[in-house]
Amino acid sequence: MNLTPTPEATSLPVEAGGSAHVRAEDVTVTRGSRRVLNDVSVTVSARARVAVVGENGRGKTTLLHVLAGLVAPDGGTVHRAGTIGLARQELAVPDGATVGALTSEALTASLAALAALDGATLALAAGDPGADDRYAAALDTATRLDAWDAERRVDVALEALGACADRERTLATLSVGQRYRVRLACLLGAHHDVLLLDEPTNHLDADGLDFLTRRLREHDGGLAVVSHDRALLRDVADRFLDLDPTRDGRPRLYAGGYDAWQDARRRDRERWEQDHEEQLAEHRRLKDAVSKARDRLSTGWRPEKGTGKHQRQSRAPGVVQALKRQQDALEAHRIDVPEPPVALRWPDPGVRPRAPQLRAHGVAVDGRLAGPVDLSVDGGDRLLVTGPNGAGKSTLLAVLGGALAPTDGAVRTARGARVVRVTQETAGQDPALTAREAYALHVGRLVAGGALRDAEAVPLGALGLLDSEALRTPVGRMSQGQRRRLDLALALAGRPGLILLDEPTNHLSSALVDELTEAIRGTSAAVVVATHDRQLLRDLADWPRLEVGTAGEGGE
């Protein structure tokens, strides 16, 4: 809400209802030498449910700020009608600001509408000129805002999201998650015509997620949401504005739900890849034709020995002309279809089914993982580790991966088995190294340590996780999503027979997570996943589960 000079909610003096909307046309935003948004057009009208999707750094948050009026575009236009509520990822906390300051702001429009209605009622009773029109307008505004119920809606949202309801509590004394939930509750309790939500599922538990989903489905105005939560996008959105690269450089707006977006995106990508490959193949054919024509000019056109000189002279012009034609054709040929983005390619680990990988007997960690935990993991096995926060899911994976010694029990890795773990947060790499250099250093260590033969090393580009620009980028300047991709690449470099994935969807785009899900379902390696991701839990619902019990303090 409005605790900073940049407002979270914007009121516009235009009638709302069915005419409420935010419309962006050919919006362009540039930061330094980088174009963040390029010719983006989208309309968030009443009842529209728009998901803004794309890799980290594609400008999703910037677009929401443009739609809300917080950022002026460098090109294009934005038109707004109605009231707009914006939930930003970050919440500034002025000194002394309280929970009550947020709730009061959420109620401002409704309280003003009720005050206006009271004044119009008195004017009507007094018979003032124009009182009928004034009363009708005030009643319409109060009704549209459902102003009489506003305070109750805020209270309901605070309770449902597990947010602090003490109006006297200063925001600075609350955790980041608590402050976020208070702000989100105020936004949902108010009655905005258009909601713009940036990662609204952050800091919410299962009950909070369910409440948020219900409220967004019930919202009778427009909605644009940026989220990595695929379950929310599946449950709420009916169209997808995809900011990832396209062959013409313009974003794509896909109608339909999540699956329709993925199917259409896949078809577009396949056509793009096919057209690019056809152009490359034609370019290779023309180069080969030039090479052959040049060979004929130097040797192939000459007749056998003993043939007259006049025959050689008569053939020469034709061969020269053929070479010129081939050279002209090659020069005229243009590869105007850009190179398509990379897609995940999981390397074959060559693990035999049922080949032993790991055994855990009676494992427990004091204060962090209640035991005993017994596990046998073999080639091709799948396991989903679930449990509440603090139960020890991350601790268990750390023990299995050899990063943490158990207090009780033991873990034995089979001879020759390659076990890797991808942690929740991005691993620490030398920030000065480029992604390519960090990967090469990692592979070199594996080879030097005997964990990998040089011939088995997987080239970084072959994994399809980082594009050519990201490969040249120093780790310290990579986005969280790019660093997360690098972590996954480092894990796959040694062709692991067992991969332990701790919240693998963190910081990854929806499209990549779908590719990752397909890959871990199909690999011959054994896979253990610990996650709270609702959609991933749905996608892996057929996997065996290990429910980790609450271990008290500590855990994750």
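**Figure 1. Arg47 lies in the loop that runs between strand S3 (34-45) and strand S4 (49-53).** In this predicted model, the phi of Arg47 is near 75 degrees, a positive value in a residue that is not glycine. Most residues other than glycine have a negative phi. Arg47 is partly exposed, and its relative accessible area is 44%.

**Figure 2. His507 is placed in the loop between strand S16 (498-502) and helix H14 (510-522).** Although His507 is not a glycine, its phi is positive, at about 65 degrees. With a relative accessible area of 22%, His507 is partly exposed, a value that lies above the 20% under which a residue counts as buried.

**Figure 3. Ser509 and Ser510 are shown on either side of the boundary between a loop and a helix, Ser509 being in the loop between S16 and H14 and Ser510 in helix H14.** Ser509 counts as buried at 3% relative accessibility, and Ser510 counts as buried at 6%. When neighbours within four places in sequence are left aside, Ser509 is in contact with Gly54, Glu55, His228 and Arg485. Ser510, with residues up to four places away in sequence not counted, touches Ser227, His228, Arg230, Leu233, Tyr258 and Trp261. His228 thus appears in the list for Ser509 and again in the list for Ser510. Ser509 and Ser524 are separated by 15 residues in sequence, and their C-alpha atoms lie 25 Å apart in space.

**Figure 4. Helix H4 (residues 150-160) packs with helix H5 (residues 176-189) at an angle of about 145 degrees, the two axes being 8 Å apart.** The crossing in which H4 passes H5 is right-handed. On the H4 side the contact is made by Ala150, Arg153, Val154, Ala157 and Leu158, which meet Val182, Ala185 and Gly189 in H5. By residue class, this contact of H4 with H5 divides into six nonpolar residues, one polar and one charged.

**Figure 5. Leu184, found in helix H5, is buried, with a relative accessible area of 0%.** Once its neighbours within four places in sequence are set aside, Leu184 is in contact with Leu161, Pro200, Leu204 and Leu212. From Leu184 to Thr61 the separation is 123 residues in sequence, while the distance in space, C-alpha to C-alpha, is 17 Å.

**Figure 6. Cys164 and Cys186 are shown as two cysteines whose sulfur atoms lie 11 Å apart.** A disulfide is a covalent bond between the sulfur atoms of two cysteines. For Cys164 the closest cysteine sulfur is that of Cys186, and the 11 Å between them is too far for a bond, given that a disulfide requires sulfur atoms within 2.5 Å. Cys186 is in no disulfide, and the cysteine sulfur nearest to it, that of Cys164, is 11 Å away. Cys164 counts as buried at 12% relative accessibility, and Cys186 also counts as buried, at 0%. A search of the whole structure finds zero disulfides.

**Figure 7. Helix H10 (residues 393-400) is largely enclosed by the rest of the structure, because eight of its eight residues are buried.** The buried residues in H10 are Lys393, Ser394, Thr395, Leu396, Leu397, Ala398, Val399 and Leu400. Just after H10, Gly402 takes a positive phi of about 85 degrees.

**Figure 8. The setting of the close-ups is a protein with 15 helices and 18 strands.** Its radius of gyration is 30 Å, well over the 24 Å that the globule rule gives for 556 residues, so the protein is more spread out than a compact globule. Along the principal axes, the C-alpha trace of the protein spans about 125 × 70 × 40 Å. Of the 556 residues, 47% count as buried. Among contacts between residues at least 6 apart in sequence, 73% join residues that are at least 24 apart.

How values were computed. Residues numbered from 1 in each chain as written. Predicted model: local features only at pLDDT ≥ 70, side-chain atom pairs only at ≥ 80, totals over all residues. Heavy atoms only, no water. Buried < 20%, exposed > 50% of the residue type's maximum accessible area, 1.4 Å probe, protein only. Helix = DSSP H or I, 4+ residues; strand = E, 2+ residues; numbered from the N terminus. Axes fitted to C-alpha atoms, helices over the stretch in contact; angles between N-to-C directions. Left-handed = near helix turned anticlockwise from the far one by under 90°. Contact = heavy atoms within 4.5 Å. Nonpolar A, V, L, I, M, F, W, Y, C, P; charged D, E, K, R; others polar. Rg over C-alpha atoms; globule rule 2.2 N^0.38 Å.
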